[in-house]
Amino acid sequence: MAQILDGKALSQRLIGQYAARIEEINKTDSVCLAMVIAGGDPSSLQYVKANEKKCVSIGINVKIIQFDYDVSQETLEKAIEGLNDDKTINGVLIQMPLPKHIDKQRVVNLLSPDKDLDCQGNGNIVNLYNNTDGFCPCTPSGAIELLKGYGLTLSGKNVCVIGRSSVVGKPLALMLLNENATVTVCHSKTRSLKDECLKSDIVISCTGRAGLVTADMVREGAVVLDIGTNFVDGKLCGDVDFQAVEKVAGYISPVPGGCGPMTVTMLIKNLLAAYDRQHAVK
């Protein structure tokens with residue numbers, strides 16, 4: 001049976017470390033996160049509230065800037081410019097999706113790279129591509145941190161990433177390359193997904209297709225990381241047939257409780273890094 005990659009437990013340990021740092025900062029200053037949300041998408045609202053609860057619990061100030069669905073491009077852009085200029089705001093998360101009439105890329109590119117905690121704008125995307133100093137997206141970062149937290153090395157390993165979204169799959173592939181892994185990115189047009197997975201030391205799925213990764217696609221002892229989010233019969237599950245794959249894999253992350261808790265953990269990590277940059281002696 002596979003060892004469980006317990007993201008909830010690792011998250012608690014890391015957040016405990018971050019909380020100690022925030023407590024020290026709060027003696028003379030404060031750390032503040034701003035989250036921008038437009039429209040009433042229920043899952044987005046739930047995510048923002050969950051982030052707020054976790055951050056407030058460890059002493060982070062949280063400012064939520066919420067707009068109606070019919071917010072104008074100009075209003076949203078002015079709000080981002082205001083957050084850039086506000087020295088009390090250390091980091092910003094622009095919650096997706098934005099309303100359909102909004103030019104998303106224009107909005108995220110207005111955000112200062114020094115406050116862009118989830119690598120949404122072109123500035124940090126270029127840094128990621130070039131493997132230079134910048135913020136990496138929170139969900140892929142959490143996945144990699146989870147692997148490292150269990151002592152799993154990436155250098156020289158064959159990694160199969162299933163999914164090519166700009167939010168998870170593509171940045172994750174780049175981050176794995178920056179860790180010296182050999183990366184194969186699979187998607188809906190891949191001819192033989194099973195063959196590609198069987199060649200891999202590590203299989204990571206982030207497609208949002210329940211039951212996509214089955215036991216016959218995973219070689220014995222491989223690492224399986226599930227970043228998928230699906231609801232089947234009202235229950236949250238990932239992309240991996242967990243009960244079957246657990247019997248052949250060496251390590252496996254569950255859904256819920258695997259990569260999910262690591263996302264907000266990386267948001268807090270990036271927020272502290274942003275604070276340090278903004279307060280560095282020049």
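Set aside the neighbours within four places in sequence, and G258 is in contact with L5, G7, K8, L146 and S253. This is a predicted model, and G258 makes a handy way into it. The residue sits in the loop between strand 11 (251-252) and helix 10 (260-278). G258 counts as buried, because its relative accessibility is 0%. Along the chain, G258 and L10 are 248 residues apart, yet their C-alpha atoms are separated by 9.3 Å.

The loop that holds G258 has another feature to look at. P256 lies in that stretch between strand 11 and helix 10 too, and the peptide bond leading into P256 from V255 is cis, with omega near 0°.

Now over to helix 1 and helix 6. G7, one of the contacts of G258, turns up again here: G7, L10 and L14 in helix 1 meet E145, L146 and G149 in helix 6. Sorted by class, that contact has 3 nonpolar, 2 polar and 1 charged residues. How do the axes of the two helices cross? The axes of helix 1 (residues 7-25) and helix 6 (residues 138-149) come within 10 Å and cross at roughly 90°, so helix 1 is roughly perpendicular to helix 6.

For a contrast with G258, try D114. Its place is in the loop between helix 4 (104-110) and helix 5 (122-130). D114 is partly exposed, since its relative accessible area is 39%. Its C-alpha is 27 Å from that of L10, with the two positions 104 residues apart in sequence. Not counting residues up to four places away in sequence, D114 touches N90, F135, A274, R277 and Q278.

A few spots in the backbone deserve a look of their own. Most residues other than glycine have a negative phi, and most peptide bonds are trans. The table collects the exceptions picked out here.

| Site | Backbone feature | Value |
|---|---|---|
| M96 to P97 | cis peptide bond | omega near 5° |
| V255 to P256 | cis peptide bond | omega near 0° |
| N131 | positive phi | about 55° |
| D233 | positive phi | near 55° |

Where do these sites fall? P97 is found in the loop between strand 4 (91-94) and helix 4. N131 has its place in the loop between helix 5 and helix 6, while D233 is in the loop between strand 9 (230-232) and strand 10 (235-237). D233 also counts as exposed, because its relative accessibility is 78%.

What about disulfides? A search of the whole structure finds 0 of them. A disulfide is a covalent bond between the sulfur atoms of two cysteines, and two cysteines show why none turns up. For C237, the closest cysteine sulfur is in C259, and at 14 Å that is too far for a bond. For C259, the closest one is in C206, 9.5 Å away and so also too far for a bond. C259 is buried, with a relative accessible area of 4%.

Finally, step back to the whole chain. Its secondary structure comes to 10 helices and 11 strands. The radius of gyration is 19 Å, close to the 19 Å that the globule rule gives for 282 residues, so the chain is as compact as a globular protein of that length. Along its principal axes, the C-alpha trace spans about 55 × 45 × 40 Å. Of the 282 residues, 45% count as buried. Among contacts with a separation of 6 or more, 71% join residues 24 or more positions apart.

Note on methods: Residues numbered from 1 in each chain as written. Predicted model: local features only at pLDDT ≥ 70, side-chain atom pairs only at ≥ 80, totals over all residues. Heavy atoms only, no water. Axes fitted to C-alpha atoms, helices over the stretch in contact; angles between N-to-C directions. Helix = DSSP H or I, 4+ residues; strand = E, 2+ residues; numbered from the N terminus. Parallel < 35°, antiparallel > 145°, perpendicular 65-115°, else oblique. Contact = heavy atoms within 4.5 Å. Nonpolar A, V, L, I, M, F, W, Y, C, P; charged D, E, K, R; others polar. Disulfide = S-S within 2.5 Å. Buried < 20%, exposed > 50% of the residue type's maximum accessible area, 1.4 Å probe, protein only. Rg over C-alpha atoms; globule rule 2.2 N^0.38 Å.
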